[in-house]
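Reader: I should like to learn how to read the interior of a protein model. Could you take me through it one feature at a time?

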Amino acid sequence: MRFFLTFVTLLPILILTGCNDKTKADLNPGNERVLSEAFSSYWYNATAEITSYSLQMERYGEMRDGTAVLIYVTEDFLADEQVKANRKDETTIPILKLNSTKNFMTGIYPYAMMSSTFYPVLEESHALKVSTSIQEWCGITYAQINNRNTFEITSHSYFQNEADQNFNLEKTWLEDEFWTLLRIDPAALPTGEITVIPSLEFTRLRHKTIKPMRAIGTFAEEETMFSYSVHYPSLERTLTIWFEKEAPYVIEEWEEQIGEFTSTAVKINQIQEAYWNNTANSEEAMRENLFNGN
């Protein structure tokens, strides 16, 4: 059992920042961030951070064994096209990208899920783009948020009631962006009563409307880690992420509680690799190392 201290919302953020009051629910677009030398040396070293997790995922009322992987890497991003740039120039935006994958079985057929979040590192902003796809033997669902004048939402589904949708939403917090923001500046995570668009994975998997919802953000300090939780009262859902107290704030585990079920992911191993160069059959041993914890 984890040992909880009495730091709930305000005090851990004070420890991180040294400010008098950092409990916050607002974003200040355009404010610049000053990156430390430690941040630059860790994230700008021509590799990606790849972390594997042992996954226990609830689906159809039963718990499923699976794996999850978080792949963080810095890239240059084109604001207009909203894609990775082929080369850096005066028009590109430096981002921290997260590719998050989950794989598990439901009886005879598999689930494969992936989300990508593109988050700017040099200024306060919401994620520039988020996309999620879910593949299983019944079909494919896909959703994407583009951050332009508003949030532009695109969603495709094989379900009749969802089908193809395009609509706009006013900008607000995105659950998907918390996973990258905490790696850059945990003190910037919103606390207290906030408005959040739940993760695209959750909304597509549970057939929920993509829309802002009332939530409670909580930052806590435990014996060896910080945690950040987002609770949605109307959904009876809480996401909690545990991560290291020191930069680069590696995520050690997380859980998603929905009603009576709690899905969990616990860290297995982590490597730093330019994985896009490791494509030979002879390099499959690297994958075995990633998942066996050696």
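Author: The discussion below covers the cores, the pocket, the cavities and the aromatic pairs in turn. Please bear in mind that this is a predicted model.

Reader: How many residues make up the largest nonpolar core, and which of them have the most contacts inside it?

Author: A nonpolar core is a set of buried nonpolar residues joined through side-chain atoms within 4.5 Å. Here the largest one holds 58 residues, and those with the most contacts inside it are Leu70, Tyr72, Trp179, Phe243, Ile251 and Trp254. Helix α3, residues 175-184, contributes the largest share of this core, with five residues. A further core of seven residues lies apart from it, including Ala48, Val69, Ile71 and Val73.

Reader: Which residues does Tyr72 touch?

Author: Leaving aside residues up to four places away in sequence, Tyr72 touches Trp43, Ala48, Glu49, Leu96, Lys97, Leu98, Trp179, Thr180, Arg183 and Ile251. Two of these partners, Trp179 and Ile251, are themselves listed with Tyr72 for the most contacts inside the largest core. Ala48, another partner of Tyr72, belongs to the core of seven residues.

Reader: Let us turn to empty space. What is the general idea, and what lines the largest pocket?

Author: Empty space is revealed by rolling a probe the size of a water molecule over the atoms. In this model the largest pocket contains about 390 Å³ of space. Its lining has 17 residues, and Ile50, Tyr275, Arg287, Leu290 and Phe291 lie nearest the centre. The elements that give two or more residues to this lining are β2 (62-78), β4 (92-106) and α5 (284-292). Helix α5 gives the most, namely five residues. Sorted by class, the pocket lining comprises nine nonpolar, five polar and three charged residues.

Reader: How does a cavity differ from a pocket, and how many cavities of 30 Å³ or more are found?

Author: A pocket is open, whereas in a cavity the probe fits but cannot get out. The search of the whole structure yields two cavities of 30 Å³ or more. The volume of the largest is about 200 Å³. It is lined by 15 residues, with Ser100, Lys102, Asp176, Trp179 and Glu201 closest to its centre. At least two lining residues come from each of β4, β5 (109-120), α3, β14 (237-244) and β15 (251-258). By class, the lining of the largest cavity divides into five nonpolar, four polar and six charged residues.

Reader: What is the volume of the second largest cavity, and which residues line it?

Author: Its volume is about 60 Å³. Among the residues lining this second cavity are Arg59, Tyr111, Glu136, Tyr158, Arg204 and His207. The strands β6 (129-136) and β7 (139-147) and the helix α4 (200-205) each supply at least two residues of that lining. Its classes are five nonpolar, three polar and three charged residues.

Reader: How should I read aromatic pairs, and how many are there?

Author: One reads the angle between the ring planes: under 30 degrees counts as stacked, and over 60 as edge-to-face. The model has 18 aromatic pairs by this rule. Tyr42 and Trp43 form an edge-to-face pair, 4.9 Å centre to centre with 85° between the planes. Both Tyr42 and Trp43 are buried. By contrast, Phe104 and Tyr111 are stacked, with 5.1 Å between centres and 5° between planes. Phe104 and Tyr111 are likewise buried.

Reader: Which residues form one aromatic cluster with Phe104 and Tyr111?

Author: Tyr60, Tyr109 and Trp137 join Phe104 and Tyr111 in one cluster. Tyr111 also appears in the lining of the second largest cavity.

Methods
Residues are numbered from 1 along each chain as its sequence is written. This is a predicted model: local features need pLDDT of at least 70, side-chain atom pairs count only at pLDDT 80 or more; totals for chains, interfaces and linings use all residues. Side-chain values use heavy atoms; hydrogens and water are left out. Buried means under 20% relative accessible area, exposed over 50%, partly exposed in between (1.4 Å probe, protein chains only). Helices (H or I, at least four residues) and strands (E, at least two) are DSSP runs, numbered from the N terminus. Contact means heavy atoms within 4.5 Å. On a 1 Å grid over the protein atoms alone, a cavity is a set of points where a 1.4 Å probe fits but cannot get out, and a pocket is an open set with protein on both sides within 12 Å along at least five of seven lines; lining residues have an atom within 4 Å of a point. Grid points are joined across faces, edges and corners, and a volume is the space filled by probe spheres set on the points. Ala, Val, Leu, Ile, Met, Phe, Trp, Tyr, Cys and Pro count as nonpolar, Asp, Glu, Lys and Arg as charged, and the others, Gly among them, as polar. Rings of Phe, Tyr and Trp (its six-membered ring) pair if their centres lie within 6.5 Å; planes under 30 degrees apart count as stacked, over 60 as edge-to-face and the rest as tilted.
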